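Colleague: I am new to this structure and would love a close look at one part of it. Could you pick a place where two helices pack together and walk me through it?

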Amino acid sequence: MAVLHPPRFSGDLGSLKQRNRRALLDLVRHTPGLTRAELAQRSGLTKMTVGNAVQALLGGGWLTEGELHRNGSGRPGRALHPGEQHHLLLGVEVGVDELRLMACTLTGRPLAQRCLGHNGAAPGEAARLLARELIALRAACGTGRRLLGMGVALPGPVMPDEPLLGLAPNLGWRRVRFLDLLDAHLPDDFGLRLMDNESSLAAFGEVWFAHRRVPSLLYLNADIGIGSGLVENSGAARIISGVHGLAGEVGHTLLAPDGALCRCGNRGCAETLVSGWMLRERFGLSADDDLAAAVARLPTRETAPVLARAGRALGVLLHNLHHSLNPAEIVIGGELTTLGETLLSPALKAFAESQRRLLPDAPLVVPEVLSDSRFMAARGAAARVLDVTLAQQSEPV
Ligand SMILES: [Zn+2]
């Protein structure tokens, strides 16, 4: 993940106050409805410190007061909730076939969403198109909200410490500084900008906005290409990127030595056995075809064995991910999930049968399959903007 235009550092003055406010805001984000007294109890801060911090958070629109709670014989307290009216987060995904944009609140509630095809645009053209859409999306949310920033999800490895996309084989993009391209078309008041891998951000958004209290979560994006993202969640959610952002590029792990040629240049990558692009090639479909609808029009006797074989390859990938990363939970999204049981059943069956050979007593990991994952990466990019904003010393929360 790389960040441009973080909020300016304002010195140490008040940083303790800011840390306290952030801690209290996190408590309310995870458990909406807490009162000031409950916050003091859970945070270990004094009631006066909590009272002052909550007042500041209410004033900044980060929190809002709700219903009156009566607890035992003490004074009743107002329930506190994350503020939904004053801030705006933008998240976008540059997909292989389309741009997906989302504007949301501090809790991830969508305010506006849109998708548009980009016809395999070159990076500069995609950036110009995206900037235009971002400006329009922001305008659609009105002028009353403070924009915290914008996150971009990209279909390839992103360097962890600089805004550089190494390679997006299914876009044909190589070594792209996408934020720099985007920056040239965005106004100065667009706040923080960041970019990261799409699957990593999808995993991050699922942990952050769904408040999943799991030690780790793996998101498998079974789409035109195949990618995955792992988030560790011990205390704070953290994306595991690897030194060059390559971690999770499971579509290019080798499953069939000397197998078919992959778009990355190697032979026998997982994507040559299961991916949206491989199935389109196999069935003679174009990149524009809706995969599930086009497959449904073909004879089942032709499609079923191919989908079943692809499903078994997906099961192998799940097995390998389970044994290399051992995530607590697995979520599967992407267009391949729309192909239904013919592909998914062999994958999940193979994974269920093989995963506990080494540890028979370990709980069975049953992947959750999303029926609609279109905005997962965009939502995750927005979540990451909030995460980085709150971690900045100077952010006056
Ligand atoms: Zn490959």
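Modeller: Gladly! Let's go to helix α1, residues 15–30, and helix α2, residues 36–43, which pack with their axes 11 Å apart and at an angle of about 110°. Angles of 65 to 115 degrees count as roughly perpendicular, so α1 is roughly perpendicular to α2. The crossing of these two helices, α1 and α2, is right-handed. Please keep in mind that this is a predicted model.

Now for the residues that meet there. From α1 come Ala23, Leu24 and Leu27, and on the side of α2 they meet Leu39, Arg42 and Ser43. Sorted by character, the residues of this contact between α1 and α2 comprise four nonpolar ones, one polar and one charged. Alanine and leucine count as nonpolar, and arginine as charged, so the charged member of the group is Arg42 in α2.

It helps to place this pair in the whole chain. The chain has 11 helices, α1 and α2 among them, and 15 strands. Its radius of gyration is 22 Å, close to the 21 Å given by the globule rule for 397 residues, so the chain is as compact as a globular protein of that length. Along its principal axes, the C-alpha trace spans about 70 × 55 × 40 Å. Of the 397 residues, 43% count as buried. Finally, among contacts in the chain with a separation of 6 or more, 66% join residues 24 or more positions apart.

How values were computed
Residues are numbered from 1 along each chain as its sequence is written. This is a predicted model: local features need pLDDT of at least 70, side-chain atom pairs count only at pLDDT 80 or more; totals for chains, interfaces and linings use all residues. Helices (H or I, at least four residues) and strands (E, at least two) are DSSP runs, numbered from the N terminus. The radius of gyration is taken over C-alpha atoms; the globule rule is 2.2 Å times the number of residues to the power 0.38. A residue is buried if 20 or more other C-beta atoms lie within 10 Å of its own, exposed if 12 or fewer, and partly exposed in between; C-beta atoms are placed from the backbone. Two residues are in contact if their C-beta atoms, placed from the backbone, lie within 7 Å. Axes are lines fitted to C-alpha atoms, for helices over the stretch in contact, and angles run from 0 to 180 degrees between N-to-C directions. Angles under 35 degrees count as roughly parallel, over 145 as roughly antiparallel, 65 to 115 as roughly perpendicular and the rest as oblique. A crossing is left-handed if the near helix is turned anticlockwise from the far one by less than a right angle, and right-handed if clockwise.
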